[in-house]
Amino acid sequence: QVQLVESGGGLVQAGGSLRLSCAASGRIFSIYAMAWFRQAPGKEREFVAAISWSGGSTYYTDSVKGRFTISRDNAKKMVYLQMNSLKPEDTAVYYCAASEAFRGTPHYWGQGTQVTVSS
């Protein structure tokens, strides 16, 4: 089992920045690929970014490329999502997820953290 807890969400103006954090506990964290997803009101949950177990590979959905950066610190069992140049359409609940394969189906989910971007 892996437990995931997100933090760092909040209210920010368009063009601003936020850094989301995801703290992991439980089984060996370093063997899991990690990802961030988000769900806006009335919409389905969508993929945002993924990072391999080593951190050597990353992947982003087109809408956040160049603005968001995913990273991890295996020693601290942490995953981060640095979000810059935020837009109102980035408003959503952001979820951290762990999977056995890079960009694979998540096996574990956090409870989510709300990000609201005002125009």
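Here is a walk through the nonpolar core and the strand that carries Tyr94, in what is a predicted model.

Let's start inside. The largest nonpolar core counts 29 residues. If you want to know who has the most contacts within that core, look at Leu4, Met34, Trp36, Leu81, Met83 and Tyr94. Plenty of elements feed this core with two or more residues each: strand 1 (2-7), strand 3 (18-26), strand 4 (33-39), strand 5 (46-51), strand 7 (68-73), strand 8 (78-83), strand 9 (92-99) and strand 11 (113-118).

Now pick out Tyr94 and ignore its neighbours within four places in sequence. What is Tyr94 in contact with then? Its partners include core names you've just met, Trp36, Leu81 and Met83. Leu20, Phe37, Val48, Phe68 and Val115 are on the list too, and so are Glu6, Arg38, Gly112 and Thr113.

Tyr94 falls in the 92-99 stretch, that is, strand 9, so let's zoom out to that. Strand 9 is mostly covered, with 7 of its 8 residues buried.

Which strands does strand 9 pair with? Strand 4 is one of them: the two run antiparallel and are joined by 7 bridges. Along that pairing, Gln39 has Val93 as its bridge partner. Strand 11 is another, again antiparallel, over 3 bridges. Val93 turns up here as well, with Gln114 in strand 11 as its bridge partner. Finally, strand 10, made of residues 108-109, pairs with strand 9 in the antiparallel sense over 2 bridges. There you'll find Ala98 standing opposite Tyr108.

Note on methods
Residues numbered from 1 in each chain as written. Predicted model: local features only at pLDDT ≥ 70, side-chain atom pairs only at ≥ 80, totals over all residues. Heavy atoms only, no water. Core = buried A, V, L, I, M, F, W, Y, C linked by side-chain atoms within 4.5 Å. Buried < 20%, exposed > 50% of the residue type's maximum accessible area, 1.4 Å probe, protein only. Helix = DSSP H or I, 4+ residues; strand = E, 2+ residues; numbered from the N terminus. Contact = heavy atoms within 4.5 Å. Pairing = 2+ DSSP bridges.
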